[in-house]
Amino acid sequence: MNDGKSVSLHDLKQWLRAYEKSNPDDMLKVKKLLDEDLDTCNILVIGARLEPGDVHQPHYHKHETVIVYGLRGKADATIGEKEIEVSPDTLVYIPPTVVHKFVNKTEQVWECIAMAIGPKGVKLENVWLNRP
């Protein structure tokens with residue numbers, strides 16, 4: 001039985017470029033907070049960060065729903081056909097197969113928490129639109 005977990009974004013020391021190998025143009029940095037394969041679904045929770053001028057390239061997820069919650073700074077997001085400014089305390093819901101990207105056009109760092117929820121046994125995968 002899982003008694004739960006607690007982790008602080010600030011306790012994890014290093015931001016890593018998670019997609020450097022699969023998409024060298026993608027500049028999103030992450031800290032993995034939770035990666036659980038539960039009885040009914042998979043849940044991945046990350047802290048995510050874009051430096052000024054950086055872009056999290058357009059992509060979608062075949063099976064996962066993604067929820068993004070802004071913590072600090074501002075980023076412009078394109079979610080399907082919608083343009084959204086993601087600032088602190090903004091929640092964004094992204095259904096499976098919806099193309100999305102995030103751009104930091106400011107001079108401050110943008111940070112968020114992102115949670116991906118998908119079917120049990122299916123690994124989260126980004127389907128990049130800017131890669132062959």
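Nonpolar patches here are made of residues with over 30% relative accessible area and no salt bridge, with nonpolar side chains joined within 5 Å. The exercises below use that cut-off and a few others. The model is predicted.

**Exercise 1. A nonpolar surface patch**

Task: State which residues make the nonpolar surface patch of about 270 Å², and show that Tyr 69 passes the accessibility cut-off.

Solution:
- Step 1. Name the members. Tyr 69, Leu 71 and Leu 91 make the patch.
- Step 2. Place Tyr 69. Strand β5 holds this residue.
- Step 3. Take its accessibility. Tyr 69 has a relative accessible area of 33% and is partly exposed.
- Step 4. Apply the cut-off. A patch residue needs over 30%, and Tyr 69 has 33%.

**Exercise 2. The enclosed space**

Task: Describe the largest cavity by its volume, its lining residues and the elements that line it.

Solution:
- Step 1. Count. One cavity of 30 Å³ or more is present in the structure.
- Step 2. Give the volume. The largest cavity fills about 230 Å³.
- Step 3. List the residues at the centre. The lining has 21 residues, and Ile 46, His 56, His 61, Val 66 and Ala 114 are the closest to the cavity centre.
- Step 4. Find the elements. Two or more lining residues come from each of β3 (41-50), β4 (55-60), β5 (65-72), β9 (100-103) and β10 (110-119).
- Step 5. Pick the main contributor. β10 gives the most, with five residues.
- Step 6. Sort by character. The lining of the largest cavity has 16 nonpolar residues, five polar and no charged.

**Exercise 3. The open space**

Task: Do the same for the largest pocket, then set its lining beside that of the largest cavity.

Solution:
- Step 1. Give the volume. The largest pocket has about 650 Å³.
- Step 2. List the residues at the centre. Of 25 lining residues, Tyr 19, Lys 32, Leu 44, Lys 123 and Leu 124 are the closest to the pocket centre.
- Step 3. Find the elements. β1 (16-17), β2 (29-37), β3 and β10 each give two or more residues to the pocket lining.
- Step 4. Sort by character. The pocket lining has 13 nonpolar residues, five polar and seven charged.
- Step 5. Set the linings side by side. Seven charged residues line the largest pocket; no charged residues line the largest cavity.

**Exercise 4. A salt bridge across the sequence**

Task: Which parts of the chain does the salt bridge between Lys 105 and Asp 76 tie together?

Solution:
- Step 1. Check the pair. The closest N and O atoms of Lys 105 and Asp 76 are 3.6 Å apart, and the cut-off is within 4 Å.
- Step 2. Locate the partners. Lys 105 lies in the loop between β9 and β10, and Asp 76 lies in strand β6, so the bridge ties together parts that are 29 residues apart in sequence.
- Step 3. Read the accessibility. Lys 105 is exposed at 64%, while Asp 76 is partly exposed at 27%.
- Step 4. Add a backbone distance. The C-alpha atoms of Lys 105 and Lys 74 are 8.0 Å apart, and the two residues are 31 residues apart along the chain.

**Exercise 5. Further bridges and a network**

Task: Is Arg 49 buried or exposed, and which residues form one salt-bridge network?

Solution:
- Step 1. Start from the total. The whole structure has eight salt bridges.
- Step 2. Take Arg 49. Its salt bridge with Glu 51 has closest N and O atoms 2.9 Å apart.
- Step 3. Classify both partners. Arg 49 is buried because its relative accessibility is 14%, under the 20% limit. Glu 51 is partly exposed at 21%.
- Step 4. Extend to the network. Lys 29, Arg 49, Glu 51, Arg 72 and Glu 111 are joined by salt bridges that share partners.
- Step 5. Turn to another pair. Arg 17 and Glu 20 form a salt bridge with closest N and O atoms 3.4 Å apart. Arg 17 is partly exposed at 23%, and Glu 20 is partly exposed at 42%.

**Exercise 6. Positive phi in loops**

Task: Where do Asp 89 and Thr 97 lie, and how accessible is each?

Solution:
- Step 1. Take Asp 89. This residue is not a glycine, yet its phi is positive, about 70°.
- Step 2. Locate Asp 89. The loop between β7 (82-86) and β8 (91-94) holds it. At 60%, Asp 89 is exposed.
- Step 3. Take Thr 97. Its phi is also positive at about 70°, and Thr 97 is not a glycine.
- Step 4. Locate Thr 97. It sits in the loop between β8 and β9. At 52%, Thr 97 is exposed, the cut-off being over 50%.

Methods. Residues numbered from 1 in each chain as written. Predicted model: local features only at pLDDT ≥ 70, side-chain atom pairs only at ≥ 80, totals over all residues. Heavy atoms only, no water. 1 Å grid on protein atoms, 1.4 Å probe; cavity = no way out; pocket = protein on both sides within 12 Å on 5 of 7 lines; lining within 4 Å. Points joined across faces, edges and corners; volume = space filled by probe spheres on them. Helix = DSSP H or I, 4+ residues; strand = E, 2+ residues; numbered from the N terminus. Nonpolar A, V, L, I, M, F, W, Y, C, P; charged D, E, K, R; others polar. Patch = residues over 30% accessible without salt bridge, like charges linked within 9 Å, V, L, I, M, F, W, Y side chains within 5 Å. Areas by Shrake-Rupley, 256 points an atom, 1.4 Å probe, with all protein chains shown as cover. Salt bridge = Lys/Arg side-chain N within 4 Å of Asp/Glu carboxyl O. Buried < 20%, exposed > 50% of the residue type's maximum accessible area, 1.4 Å probe, protein only.
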